[in-house]
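Here are a few short exercises to work through with the model open beside you. Try each task before reading its solution.

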Amino acid sequence: MAREEEEKEGEQLVELKFRLFDGTDLGPRKYATETTIATIKENILSQWPQGKENGPKTTNDMKLINAGKILENDKTLAESRVAVGELPGGVITMHVIVRPLTSDKASARQPSDPSKNNGCGCAIL
């Protein structure tokens, strides 16, 4: 019956859930095949559990992976070739990878010993 309602609306829906790095899931939730990956990432960011450490600050801090492929923000689900009709009534699981936070101290760290700058400690006799 829900399938008939989806077809009447003229757009195909796909049910997705998102597996986080610690094994917990967000969803499942239905999305139109014309939904962009950027929109889905915004939705994931808004649903992100508050108590989790190392959560993304922006949508650019996360990557969505489906069937071993990193999905591009400007593509839709249909363009990303998400297996829409292959699992009738099934839920597609996508993996969410969060970019590790880099601190300013780590990126600004310079070696203090100038002899280590050239990478070679050889002495020619």
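Let us begin with one contact: Arg19 forms a salt bridge with Asp25, and their closest N and O atoms are 2.5 Å apart. A salt bridge here is a side-chain nitrogen of Lys or Arg within 4 Å of a carboxyl oxygen of Asp or Glu. The model is a predicted one, in which local features need pLDDT of at least 70 and side-chain atom pairs count only at pLDDT 80 or more, while totals for chains, interfaces and linings use all residues. Residues are numbered from 1 along each chain as its sequence is written, and side-chain values use heavy atoms, with hydrogens and water left out.

**Exercise 1.** Find which residues are linked with Arg19 in a network of salt bridges.

*Solution.* Start from Asp25 and look for another partner: the side chain of Lys17 meets Asp25 in a salt bridge of 3.5 Å, N to O. Lys17, Arg19 and Asp25 are thus linked in a network. Next, check the surroundings, taking buried as under 20% relative accessible area, exposed as over 50% and partly exposed as in between (1.4 Å probe, protein chains only). Lys17 is partly exposed at 21%, Arg19 is partly exposed at 27%, and Asp25 is partly exposed at 33%.

**Exercise 2.** A search of the whole structure finds 3 salt bridges; locate the one that Asp22 forms, and say which parts it ties together.

*Solution.* The partner of Asp22 is Lys52, with the closest N and O atoms 2.4 Å apart. Asp22 lies in the loop between strand E1 (13-19) and E2, and Lys52 in the loop between helix H2 (37-47) and E3, so the pair ties together parts 30 residues apart in sequence. Helices (H or I, at least four residues) and strands (E, at least two) are DSSP runs, numbered from the N terminus. Finally, read the accessibility: Asp22 is partly exposed at 41%, and Lys52 is partly exposed at 22%.

**Exercise 3.** Inspect the backbone at Pro28 and at Ala67: what is the omega of the bond that joins Gly27 and Pro28, and what is the phi of Ala67?

*Solution.* Recall the background first: most residues other than glycine have a negative phi, and most peptide bonds are trans. The bond between Gly27 and Pro28 is cis, with omega about 10°, and Pro28 lies in strand E2 (residues 25-32). Ala67 has a positive phi, near 55°. Ala67 sits in the loop between strand E3 (62-66) and strand E4 (69-70), and is exposed, with a relative accessible area of 73%.
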